[in-house]
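Here are my notes on this model, set out as numbered points. Please read them with the structure open.

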Amino acid sequence: MCRSIKTLRPPVLPDEATEEEIRAAALQYVRKVSGFRAPAAHNREVFDRAVDAVAQATAELLDGLEIRGRA
């Protein structure tokens, strides 16, 4: 696991994750999986699409989680 990806759900994060935090986590994930900090020009489009897809999936996950014991 990439240690720079932080947990984005309560109670670890007291408020809901922002779009910026979700996108940053998605970017770190794609960087880790691809092995590229910044892709070459010929890989930029697929890299950016992957970040978008991971960010969307992350937002859906966080929206759907039921955190028990949270008022």
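1. Helices here are DSSP runs of H or I with at least four residues, numbered from the N terminus. With that in hand, Pro11 can be placed in the segment before α1. The model is a predicted one.

2. Overall make-up. The protein has two helices and zero strands. Helix α1 covers 19-34. Helix α2 covers residues 44-64. Along the principal axes, the C-alpha atoms fill a box of roughly 50 × 20 × 15 Å.

3. Surface and burial. Of the 71 residues, 20% count as buried. The accessible surface comes to about 5600 Å². Carbon and sulfur atoms hold 52% of that surface.

4. Contacts along the chain. Take the contacts in the protein with a separation of 6 or more. Residues 24 or more positions apart account for 55% of them.

5. Salt bridges. Side chains of opposite charge can pair when their charged atoms come close. The cut-off used is 4 Å, from a side-chain nitrogen of Lys or Arg to a carboxyl oxygen of Asp or Glu. By this rule the protein has four salt bridges. Three of them are taken up in the next points, beginning with Lys6 and Glu21.

6. Lys6 and Glu21. What is the distance between the closest N and O atoms of this salt bridge? They are 3.3 Å apart. Lys6 sits in the segment before α1 and Glu21 in helix α1, so the bridge ties together parts that are 15 residues apart in sequence. Both partners are partly exposed: Lys6 has a relative accessible area of 46%, and Glu21 has 22%.

7. Arg23 and Asp52. This salt bridge has its closest N and O atoms 2.4 Å apart. Arg23 belongs to helix α1 and Asp52 to helix α2, so the pair links parts that are 29 residues apart in sequence. Arg23 counts as partly exposed at 36% relative accessibility. Asp52 also counts as partly exposed, at 43%.

8. Glu45 and Arg49. Here the closest N and O atoms of the salt bridge are 2.9 Å apart. Both residues lie in helix α2. They are four residues apart, about one turn of the helix. Glu45 is exposed, with a relative accessible area of 57%. Arg49 is partly exposed, at 47%.

9. Charge on the surface. Which residues gather in a patch of negative charge? They are Asp15, Glu16, Glu60 and Asp63. Of these, Glu60 has its place in helix α2. For the protein as a whole, there are 11 positive and 11 negative charges. The mean positions of the two sets are 10 Å apart.

10. Phe47. This residue is in helix α2. Is Phe47 buried or exposed? Phe47 is buried, because its relative accessible area is 6% and the limit for burial is under 20%. Leaving out residues up to four places away in sequence, Phe47 touches Leu27, Val30, Arg31, Ser34, Phe36, Arg37 and Pro39. Arg31 is 16 residues from Phe47 along the chain, and their C-alpha atoms are separated by 8.6 Å.

11. Thr58. This is another residue of helix α2. Its relative accessible area is 18%, so Thr58 counts as buried. Which residues does Thr58 contact, leaving aside neighbours within four places in sequence? The contacts are with Leu8 and Ile22.

12. Pro11 and Gly69. Pro11 comes from the segment before α1, while Gly69 comes from the segment after α2. Along the chain they are 58 residues apart. How far apart are their C-alpha atoms in space? The separation is 9.7 Å. Pro11 is exposed, with a relative accessible area of 69%. Gly69 counts as exposed too, at 87% relative accessibility.

13. To sum up the links between segments. The Lys6–Glu21 bridge ties the segment before α1 to helix α1. The Arg23–Asp52 bridge ties helix α1 to helix α2. The Glu45–Arg49 bridge has both partners in helix α2.

Technical notes:
Residues are numbered from 1 along each chain as its sequence is written. This is a predicted model: local features need pLDDT of at least 70, side-chain atom pairs count only at pLDDT 80 or more; totals for chains, interfaces and linings use all residues. Side-chain values use heavy atoms; hydrogens and water are left out. Buried means under 20% relative accessible area, exposed over 50%, partly exposed in between (1.4 Å probe, protein chains only). Patches are made of residues with over 30% relative accessible area and no salt bridge: like charges are joined within 9 Å, nonpolar side chains (Val, Leu, Ile, Met, Phe, Trp, Tyr) within 5 Å. Accessible areas come from the Shrake-Rupley method with a 1.4 Å probe; for residues, only the protein chains shown count as cover. Lys and Arg count as positive and Asp and Glu as negative; His and the chain ends are not counted. The place of a charge is taken as NZ of Lys, CZ of Arg, CG of Asp or CD of Glu. Contact means heavy atoms within 4.5 Å.
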